[in-house]
There are 2 protein chains.
Amino acid sequence: MEIQIGMNVLEKNDLEAQENARIFQENQVFVLNMMSSPGSGKTTVLENTITALKDEFSIAIIEGDVYTDRDAERIRQLAVPVVQINTHGGCHLDAKMIRDVLPEFDLKAIDFLVIENVGNLVCPAEFRLGENERVAVLSVPEGDDKPIKYPVLFRESGVALINKIDLLPFFDFNMPRVTQEIKGINPDIELFPISCTTKENFTLWLDWLRKNIRNNRG
Amino acid sequence: MEIQIGMNVLEKNDLEAQENARIFQENQVFVLNMMSSPGSGKTTVLENTITALKDEFSIAIIEGDVYTDRDAERIRQLAVPVVQINTHGGCHLDAKMIRDVLPEFDLKAIDFLVIENVGNLVCPAEFRLGENERVAVLSVPEGDDKPIKYPVLFRESGVALINKIDLLPFFDFNMPRVTQEIKGINPDIELFPISCTTKENFTLWLDWLRKNIRNNRG
């Protein structure tokens, strides 16, 4: 019976997500859903991405948090439109929450929308938001066993960012093994090991974004 | 209606948890429920705790993971009884899952049982397991904004371990502020900043455990 309830919630969410996807497509907005554990550096990746791309594209952000608007405040400093969603205890964003805030954006004027999900490696991966692509962020201090332990997020994502690689000397993190394990879970995933501190490989991620945002505008 | 479903699940779980608590009390087992984000070092804290205390107390472990038994394999090396619970996608342990594995232990012979919950800062905090005390683990690399962003876990816990303090020189982590913010959420919480690498302050945590395990045996 619990599975039954779960299925209904997910099916209902999928329908809402399809409608979001239709709205995004109609307005030619390329939409990412960024997911990770708390503290992987999602907001810092976003800050660096916005700074690098905001002269090329019109960018907007939706910030998901359980409580607080600390991340939205950080993004607001960069002078891009940002809307905060607080789940008040909820462990993930769902498609309806996204729909409810879309009227706050001028979607026709936006090329690229990033949704930063609630920090959680488990639940957000199950809930489609209508995004073009899901991005999993894993940071070096979290440990190289996390993809095997939390495979759903990596299976459902089109891109994996391995963040904070400048910290590799200080941690027992086996990059070849984690790469192999992520590819084992999802052979088609694009994998970028990056650092927001040294900017190593950051242009690989930016170039992937440029290509996809441009393709989406047709 | 969604709130209604949520309440029923939590109320049902609370009843199961009360029954677990009765069983633990009857057998004089002191039970901890350890919760944190993935990668905070819960399993390493446990390994060090078991090694330090296993000649003084009879210890057993329940490992909660979404998939895999990697953590249970690590604990098994220390020759204490360990049972793995896989939630198969579920984002937290609940009281019924704990009850179902209790027959695998000789509870009369156990002084101290630690339940390592699924790595997740949001959901596990809502589900009582019948434990004597909840322990929140936060590690330095996760960032000092996490207690404010995920307050429920810290409000519901009797102990907070701030782990990996040997990494403080490499991170922008404001220890006085995070201490103040955790105490603001929960003035009664016991707070131990520890390192499993340097063992700094680890005896404070061990002494707290010794006192509580002994008190529980009466």
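## The site of D111(A)

D111(A) lies in the loop that runs between α4 (95-101) and β4 (112-116) of chain A. The model is a predicted one. With a relative accessibility of 13%, D111(A) counts as buried, because the cut-off for that class is under 20%.

The side chain of D111(A) comes to 2.7 Å from the backbone nitrogen of S58(A). S58(A) is also among the residues that D111(A) touches, once residues up to four places away in sequence are set aside. The others on that list are Q28(A), V29(A), F30(A), F57(A), I213(A) and R217(A).

## How the two chains are related

A turn of 180°, with a shift of 0.0 Å along the axis, lays chain B on chain A with an RMSD of 0.0 Å. The two copies are therefore related as by a two-fold rotation axis.

The residues used at the interface fit this picture. Of the interface residues of chain B, 100% are also interface residues in chain A, so the copies meet through the same surface.

## Extent of the interface

Chain A and chain B each bring 34 residues to the contact. Between them, about 2,700 Å² of area is buried, and carbon and sulfur atoms give 60% of this area. On the side of chain B, the residues that lose the most area to chain A are P38(B), R70(B) and K149(B). Together, these three residues account for 21% of what that side buries.

## Polar and charged pairs

There are 6 salt bridges between chain B and chain A. One of the residues named above, K149(B), takes part in a salt bridge with D65(A), in which the N to O distance is 3.7 Å. Counting polar contacts across the interface gives 9 residue pairs, with both residues of each pair at pLDDT 80 or more.

## Make-up of the chain B side

Which elements of chain B give two or more residues to the side that touches chain A? They are α3 (70-76), α5 (146-149), α6 (151-156) and α7 (175-185). The element that gives the most is α5(B), with 3 residues.

By residue class, the side of chain B that touches chain A holds 17 nonpolar, 10 charged and 7 polar residues.

Note on methods: Residues are numbered from 1 along each chain as its sequence is written. Chains are lettered from A and ligands numbered from 1 in the order in which they are written. This is a predicted model: local features need pLDDT of at least 70, side-chain atom pairs count only at pLDDT 80 or more; totals for chains, interfaces and linings use all residues. Side-chain values use heavy atoms; hydrogens and water are left out. Contact means heavy atoms within 4.5 Å. Buried area is the accessible area (1.4 Å probe) that two parts lose on being put together, summed over both. A salt bridge is a side-chain nitrogen of Lys or Arg within 4 Å of a carboxyl oxygen of Asp or Glu. A polar contact is a pair of N or O atoms within 3.5 Å; within protein, one must be able to donate a hydrogen and the other to accept it, and residues adjacent in sequence count only if both atoms are side-chain atoms. Helices (H or I, at least four residues) and strands (E, at least two) are DSSP runs, numbered from the N terminus. Ala, Val, Leu, Ile, Met, Phe, Trp, Tyr, Cys and Pro count as nonpolar, Asp, Glu, Lys and Arg as charged, and the others, Gly among them, as polar. Copies are superposed by least squares on the C-alpha atoms of residues with pLDDT of at least 70 in both. Buried means under 20% relative accessible area, exposed over 50%, partly exposed in between (1.4 Å probe, protein chains only).
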